[in-house]
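Welcome! Please take a moment to look over the sequence and the model shown here before reading on.

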Amino acid sequence: MRRFIPILLILIFITSCVYFDADRDDILQRLGKEGDTVVTIDTERMKESSLSSFIPSGELENRVNRLSLVLSDDSVTGIAQGKLSSTEVGTVLIWSPLFHRVKEENPRYYRSEHMSISAGSVGEGLVLFTTSDYESEYDSIFVSPEENIPRSDALAMQSSLAGVYISEPDSSFGLGIPDETLAKIRNVLLTIDENGEDFSLSGRIIMDSEDSARAMQMLLRNMLVQDIRRKGERLDVKALSGIFTYEGSVVSVSGYSLDKEVLENVISGSIGYAAI
C-alpha cells in the first residue's frame with residue numbers, strides 16, 4: 001500500500017491545470033500481456049457511488065474520468081484519461097522539482113528518480129505513467145500495439161464501475177486456487193457494479209476444457225459456502241446455485257455480493273497505484 005501513495009500524489013499534481021478531454025475506447029484493449037492484471041476504473045461513476053471518498057477532491061476529481069492500470073510482478077503502468085492538455089502537462093512536469101526531462105523528441109517524457117516513476121503526455125487527454133521503461137511501454141501501447149483484451153471484454157469493463165482482466169494468470173491472489181487448476185485458466189474477466197449500497201461481481205472465467213470448467217465451478221461454490229459458514233450467515237443453497245455456473249469451458253459469475261470493506265481495499269490500492 002505504501003508504494004501506491006506516491007503515484008496518487010503525482011497524478012493529482014500533474015492534472016492540476018489541464019483541460020482537454022479524451023475518449024479513446026480502444027486503448028484498454030492494448031494494455032497488458034500474459035500474466036498481467038489489467039484494472040480500469042470509471043472515476044466519474046465512482047464519484048457518485050458510496051466509494052466516492054476514494055476519489056481525491058479537487059483537480060483529480062474534476063479532470064480524470066478513467067484510470068487504467070497494468071499490474072505486473074515488478075512494475076505498474078497506467079493511463080489516465082480525461083481533461084488533460086499535452087502542453088500543460090509538459091509545462092507542469094518540466095517545472096516540477098520532482099521530475100527531470102529524459103527525452104525531448106517523441107515520446108517526450110519525464111522521470112522522478114525519487115519516486116521511481118516516468119510520465120508524459122501521449123496526446124490530448126492522455127497521460128502515460130510507469131515504473132518500468134517508459135519508451136518500451138509507449139511503443140507497446142501506441143506504436144506497435146497488440147490486442148491483449150478482446151474488444152467485447154474491454155467494452156464490458158468500461159461500462160462498469162470497475163473491471164479486471166487477466167490473461168493466463170500466474171497467481172490466485174490469495175484465493176487458494178490450486179496450482180494445477182490455476183494453470184488451466186485461459187483468461188478472466190470480472191466487472192464490479194453498484195446497486196444502491198451493495199456491490200456485485202459478475203464476469204466469466206475461460207478454462208482449457210469443459211472438465212476444468214466443471215471443477216472450477218465446484219471449487220468456487222465450495223469456497224463461497226465455506227466463507228458463508230465461517231461468517232455464521234444463513235446458507236441459501238438455491239440462491240448460491242445461480243452465482244457460479246458453467247457451459248462448455250466457460251464458468252460464469254453472476255451477482256456475487258461483494259463485501260464493501262474488501263472492495264474498499266482493492267479500490268484504494270488500485271487508485272493509489274495511479275498517481276501522477
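This report looks at the nonpolar cores, then at one strand and its partners, and then at one helix.

## Two nonpolar cores

Please keep in mind that this is a predicted model. A good place to begin is the largest nonpolar core, which has 19 residues. Leu-31, Leu-128 and Phe-142 are the residues with the most contacts inside this core. Two or more residues come from each of α2 (27-30), β7 (126-130), α6 (134-143) and α7 (151-158). Of these, α6 gives the most, with 4 residues. There is also a second, separate core of 18 residues, and Ile-166, Val-188, Val-251 and Val-253 are among them.

What is Leu-31 in contact with, leaving aside its neighbours within four places in sequence? The list is Val-38, Ser-68, Val-70, Ile-79, Ile-141, Asn-148 and Ile-149.

## Strand β7, covered on both faces

Let's turn to β7, which gives two or more residues to the largest core. This strand is mostly covered, with 5 of its 5 residues buried. On one side you will find Leu-126, Leu-128 and Thr-130, and on the other Val-127 and Phe-129, all of them buried. Leu-128 has a further role in the picture, as one of the residues with the most contacts inside the largest core.

## The partners of β7

Which way do β3 and β7 run? Strand β3 (residues 76-82) and β7 run antiparallel, joined by 5 bridges. In this pairing, Gly-78 has Phe-129 of β7 as its bridge partner.

Strand β6 (residues 117-121) also pairs with β7 in the antiparallel sense, over 4 bridges. Here Ser-118 is the bridge partner of Thr-130 in β7. β6 and β7 form a hairpin with 4 residues between the strands, where Gly-123 takes a positive phi near 130 degrees.

## Helix α9 and its surroundings

Now for a helix: α9 (residues 210-231) has 22 residues. From its first C-alpha to its last, α9 reaches 32 Å, close to the 32 Å expected at 1.5 Å a residue. After α9 comes Gly-232, with a positive phi near 75 degrees.

Which residues of α9 are buried? They are Ser-212, Ala-213, Met-216, Gln-217, Leu-220, Leu-224, Val-225, Asp-227 and Ile-228. The buried residues of α9 pack against two helices, α8 (179-182) and α10 (237-241). They also pack against the strands β9 (185-195), β10 (198-207), β11 (244-247) and β12 (250-258).

Methods:
Residues numbered from 1 in each chain as written. Predicted model: local features only at pLDDT ≥ 70, side-chain atom pairs only at ≥ 80, totals over all residues. Heavy atoms only, no water. Core = buried A, V, L, I, M, F, W, Y, C linked by side-chain atoms within 4.5 Å. Buried < 20%, exposed > 50% of the residue type's maximum accessible area, 1.4 Å probe, protein only. Contact = heavy atoms within 4.5 Å. Expected span 1.5 Å × (residues − 1). Pairing = 2+ DSSP bridges.
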